[in-house]
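Trainee: Got a minute? I'd like to go through this one with you.
Mentor: Sure, pull it up and ask away.
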Number of protein chains: 2
Amino acid sequence: MSAKTEARKAALRDKLVAAAERRIAEAGAGSLRARDLAQDAGCALGAIYNAFDDLNAIVMAVNGRTFSKLGQAVAASFDGSEEPVQRLVKMSHAYLHFASEHANLWRALFDLEMTADGPVPIWYLEALRGLFAHITEPLAEIFPELSRDDLQLMTRALFSSVHGIVLLGLENRISGVPADQIERMIDLVLSRIGNK
Amino acid sequence: MSAKTEARKAALRDKLVAAAERRIAEAGAGSLRARDLAQDAGCALGAIYNAFDDLNAIVMAVNGRTFSKLGQAVAASFDGSEEPVQRLVKMSHAYLHFASEHANLWRALFDLEMTADGPVPIWYLEALRGLFAHITEPLAEIFPELSRDDLQLMTRALFSSVHGIVLLGLENRISGVPADQIERMIDLVLSRIGNK
DNA sequence: TTGTATTCGTGAACGCGGTTCATCAGGTGA
DNA sequence: TCACCTGATGAACCGCGTTCACGAATACAA
């Protein structure tokens, strides 16, 4: 495969991912249609399957971008000068706001994992590890007495807790709650965690 | 519509729900097939749509049964003599074990709400309210200083936290963790919550 | 440059699955 | 007994992801 062909393929990939990102953000990953994507990208239906294995792979590519933006948003939410609990609060709020502003893209991050059967891509686990690292750091300050294993467990537990609060909070058909109330829920839990 | 006809319709509904429950428990709500259900229930494909509006309605019926069983499992997990924090721990463990043992049925409870667009049925919100009531009670003992509103918020926050821990914990492609580790994560968070 | 071989793009066609509908059978009332 | 109606039936419809045979384009050797 020549370099020109390769470049064209890459360009098509980009167009497809960009179109998919727009459509997912707009209507959710569940209503992504191969024919719509082909039209958006100005290519034939079959060309999609030349650039990607299947639609799933495109969603995964979008997820990669989303995860990267999410990581940036969380990392930008603190400056390192805060008290550890305060830093957890800031990160959690950043997580909430990202999820709230990019609800469909954020949901696609977790929706897909449930349905797909293949192994999780490495970059996905790496991104998760990156998020976890941000959490572990302040936790280690708050709980110097915890073992290494318990610290890892606490990290996952805290991430999962905030994730759950955001997930159900944004899901207004289950327990829908205004955004500032969700923030308050996070604060309630984190402040209890921080009080020794 | 005669009484006999009505009875037949009800019988078909029961057979369909039973078959759907079996198939969802086995393979998840996502791989439920109308044609399979018709075969299981010994009826024609079209008969399904006489008994139910669509497949979604059948899944909702199954969810009703699941929710009821979940409520029983949680309610049976404590006897009222425990310290409040201990009661929260017992309920959370019951929640975890139910979710773990009936993973596909439990997931269907929340999967469907994300995709469906109609309003949530009343019984669903009632069931949720019932679960919340179990949580609010010990919380009121632990935090007598909280306002009524904050107590409600804390209730939802705690439920969501445990839900999140269970959700991501069971999702081994995201952060998969053995069941006893999940239990420990719940304990870590709840014990911190309980410590004033 | 020209001819050939290989690769790529194309969109019609396939298979699957939910839902509908024309048709039929079985029950109901006169 | 017969006309009527209601509920069951499954073939057909439609949308959608994915494939594939074919024709165009490109790469390469002479």
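Mentor: What follows is a walk through a predicted model, from the fold of one chain to the DNA and then to a few single residues.

Trainee: Start with chain A. How many helices and strands are there in it?
Mentor: Chain A has 10 helices and 0 strands. Along the sequence the pattern reads α-α-α-α-α-α-α-α-α-α.

Trainee: What does the C-alpha trace of chain A span?
Mentor: About 60 × 40 × 30 Å along its principal axes.

Trainee: And how much of chain A counts as buried?
Mentor: 47% of its 196 residues. Chain A still exposes about 9,400 Å². Carbon and sulfur atoms supply 51% of that area.

Trainee: What share of the contacts in chain A comes from residues 24 or more positions apart?
Mentor: 63%, taking contacts with a separation of 6 or more.

Trainee: Next, the core. Which residues have the most contacts inside the largest nonpolar core?
Mentor: Leu16(A), Leu139(A), Leu16(B) and Leu139(B). That core has 128 residues.

Trainee: Take Leu139(B). What does Leu139(B) touch?
Mentor: Leaving out residues up to four places away in sequence, Leu139(B) touches Leu88(B), Leu151(B), Met154(B), Thr155(B) and Leu158(B).

Trainee: Let's switch to the DNA. Which residues are closest to DNA strand D?
Mentor: Leu32(A), Arg33(A), Ala34(A), Arg35(A) and Asn50(B) are the closest. In total, 20 residues surround DNA strand D. Of the strand D atoms within 4 Å of the protein, sugar and phosphate account for 65%.

Trainee: Which side chain is 2.8 Å from a phosphate oxygen of DNA strand D?
Mentor: That of Arg33(A), through an N or O atom. Asn50(B) places a polar side-chain atom 2.5 Å from a phosphate oxygen of DNA strand D. Ala44(B) uses its backbone: an N or O atom there lies 3.0 Å from a phosphate oxygen of the strand.

Trainee: Which elements give two or more residues to the surface near DNA strand D?
Mentor: α2 (34-41) of chain A and α1 (3-27) of chain B.

Trainee: How does the surface near DNA strand D break down by class?
Mentor: There are 10 nonpolar, 4 polar and 6 charged residues.

Trainee: OK, now the other strand. How many residues surround DNA strand C?
Mentor: 16 residues. The closest are Asn50(A), Leu32(B), Ala34(B), Arg35(B) and Tyr49(B). Sugar and phosphate make up 61% of the strand C atoms that come within 4 Å of the protein.

Trainee: Which side chain has an N or O atom 3.4 Å from a base nitrogen of DNA strand C?
Mentor: Arg35(A). The backbone plays a part with the phosphates as well. A polar backbone atom of Ala34(B) is 2.8 Å from a phosphate oxygen of DNA strand C. For a backbone N or O atom of Ala44(A), the distance to a phosphate oxygen of this strand is 3.0 Å.

Trainee: And the classes near DNA strand C? What are the counts?
Mentor: 9 nonpolar, 3 polar and 4 charged residues.

Trainee: Some single residues, then. Is Ser92(A) buried or exposed?
Mentor: Ser92(A) counts as buried because its relative accessibility is 8%, below the 20% cut-off. Ser92(A) sits in helix α5 (residues 84-101) of chain A. Not counting residues up to four places away in sequence, Ser92(A) touches Val162(A), Ile186(A) and Leu190(A).

Trainee: Where does Thr136(B) lie?
Mentor: In helix α7 (residues 122-142) of chain B. Thr136(B) is buried too, with a relative accessible area of 14%. Sequence neighbours up to four places away aside, Thr136(B) touches Leu151(B), Gln152(B) and Thr155(B).

Trainee: What separates the C-alpha atoms of Thr136(B) and Phe159(B)?
Mentor: 9.9 Å, with the two residues 23 apart along the chain.

Trainee: Last one, Ser147(A). Where is it?
Mentor: In the loop between α7 (122-142) and α8 (148-170) of chain A. At 37% relative accessible area, Ser147(A) is partly exposed.

Trainee: What does the side chain of Ser147(A) reach?
Mentor: The backbone nitrogen of Asp150(A), at 3.1 Å. Arg23(A) is another matter: C-alpha to C-alpha, Ser147(A) and Arg23(A) are 45 Å apart, and 124 residues apart in sequence.

Key
Residues are numbered from 1 along each chain as its sequence is written. Chains are lettered from A and ligands numbered from 1 in the order in which they are written. This is a predicted model: local features need pLDDT of at least 70, side-chain atom pairs count only at pLDDT 80 or more; totals for chains, interfaces and linings use all residues. Side-chain values use heavy atoms; hydrogens and water are left out. A residue is near a molecule or strand if one of its heavy atoms lies within 4 Å of it. A polar contact is a pair of N or O atoms within 3.5 Å; within protein, one must be able to donate a hydrogen and the other to accept it, and residues adjacent in sequence count only if both atoms are side-chain atoms. Helices (H or I, at least four residues) and strands (E, at least two) are DSSP runs, numbered from the N terminus. Ala, Val, Leu, Ile, Met, Phe, Trp, Tyr, Cys and Pro count as nonpolar, Asp, Glu, Lys and Arg as charged, and the others, Gly among them, as polar. Buried means under 20% relative accessible area, exposed over 50%, partly exposed in between (1.4 Å probe, protein chains only). Contact means heavy atoms within 4.5 Å. Accessible areas come from the Shrake-Rupley method with a 1.4 Å probe; for residues, only the protein chains shown count as cover. A nonpolar core is a set of buried Ala, Val, Leu, Ile, Met, Phe, Trp, Tyr and Cys residues joined through side-chain atoms within 4.5 Å.
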